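Me: I have a model open and want to learn to read its sheets and helix packing. Walk me through it, please.

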Amino acid sequence: MKIIQATKNGSEDWHYLQEKRQLHNPLVLVFGNRYLLEDENVIKNIRKEFSYENIVFASTSGEIFDGSIQDNSISVTVIELEKSTYIIERENISNFNMKPNLLGAALLKKLPKEKLKHLFVLADGLLDGSKLIEGLQCNLKNTITITGGLCGDDARFEKTLSSYNENPKIGEVVLIGLYGETLEVTYASAGGWFPFGPERKITRSKDNIIFEIDNKPALDVYKNHLAHRAVGLPSAALSFPLNVTFEGNTQAVVRTILGVDEFQKTLILAGDAPENSKVQLLMASIDAIIDGALCATQLAMNNRVKTAEIAILVSCIARKIVMNNRMGEETEYIKETLDASTATIDFYSYGQIAPFYGNDYTNFHNQTMTVTLISE
């Protein structure tokens, strides 16, 4: 595997981490600020600098490049696979009646399955990630794993952009299939948030909207638990997500509260929360968040045969907000844990996609650090 990484801030020249050179048929991953990806001149500059056939664009809520937090930049990673191959497909939610599960199923169908080892997905950040995964997994062998993330738009939650080869646009989902007998892909996801208050039951919900908790209006229950900390909702909710344990499951997923409806007294989440699920509030400790990132890295490294050549680190915008001026620490510790030769791609997202450690079934997560380690 050959890797070249570069970044650009504003009108500055491109800064390369490795020697600039031409690679053979590489996968090019472009992450950056949404406003920059909307700028035709920026896109033209990227295409001129990286004149390759297969370019994937994705807007983020910030990137970490060479240990530096970047909010108004473009980061590019060029990957040449030497012993394996990749195939990229894309679809837009507008062609599927705005139903992510139908899009996911159609997208998976387009990829050949022979020797398929792993799927990496980059999706519009305002889609229902849970439904997208449901569609992707509906006819997928459990030997094929999925990781990835939802695109970001800083903390604006207005719109996100992604694309394959075309100029970045809203509603896009890009699926990258990795093929090859020698590929080794490991992964893990962890949060570092800790629960407080009683565990309750979701008694009425639909998809990602919770109407009632313990037969009471969900927003009232949430506000009562937070007390004075509920001032400033919905933005304040980023610091107090929900731990949701689906009926029949033992492992919980974290759900970000994207909005509240004061009239209907509902909570609007970034992922699904089925009726009869158990629910509990979470709160943050910066040290615990860092420990969660380290935990995810160590779990992903467990039982690996080969040293990871590249690590894709997908963190959550809420973690960035909570950590404030310490936001770079989680990735600093991760890089210290990884082998010095491992290249890293780090970006903040609106949702993370990965199985729980030791599991093949993929879940949609919020407010976690998800680590994907790849080697040939």
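Reply: Start with one pair: Ile 353 stands opposite Phe 364 in β25. The model is predicted, so local features need pLDDT of at least 70 and side-chain atom pairs pLDDT 80 or more, while totals for chains, interfaces and linings use all residues. Residues are numbered from 1 along each chain as its sequence is written, and side-chain values use heavy atoms, without hydrogens and water.

Me: In what sense do β24 and β25 pair, and over how many bridges?

Reply: Two strands pair if DSSP finds at least two bridges between them. Strands are DSSP runs of E, at least two residues; helices are runs of H or I, at least four; both are numbered from the N terminus. Here β24 (residues 351-355) and β25 pair antiparallel over four bridges.

Me: Which sheet holds them, and in what order do its strands run?

Reply: An open sheet of six strands, β8-β12-β9-β10-β24-β25, with mixed pairing. The edges are β8 (85-92) and β25 (362-365), each paired on one side only. Neighbouring strands are turned by 15° on average, direction ignored.

Me: Which strands does α3 touch, and at what angle does its direction stand to β8?

Reply: Contact means heavy atoms within 4.5 Å. Axes are lines fitted to C-alpha atoms, for helices over the stretch in contact; angles run from 0 to 180 degrees between N-to-C directions. Helix α3 touches β8, β9 (116-123) and β12 (172-179), at about 145° to β8. Helix α4 lies across β9, β10 (145-150), β12, β24 and β25, at about 165° to β25.

Me: How do α3 and α4 pack on each other: at what angle, and how far apart are their axes?

Reply: α3 (residues 100-110) and α4 (residues 129-137) pack at about 35°, axes 6 Å apart. A crossing is right-handed if the near helix is turned clockwise from the far one by less than a right angle, left-handed if anticlockwise. The crossing of α3 and α4 is right-handed. Among the residues in contact are Leu 103 and Leu 108 of α3 and Leu 132 and Leu 136 of α4.

Me: Which strands stand at the edges of the sheet with β6 and β13, and why does one side of each lack a neighbour?

Reply: In the order β6-β5-β23-β22-β26-β13, a mixed open sheet of six strands, the edges are β6 (68-70) and β13 (184-190); each has a single partner strand, so one side has no neighbour in the sheet. The twist averages 20° from one strand to the next. Inside, β22 (residues 310-316) and β23 (residues 343-349) pair parallel over seven bridges. Ile 312 has Ile 345 in β23 as its bridge partner.
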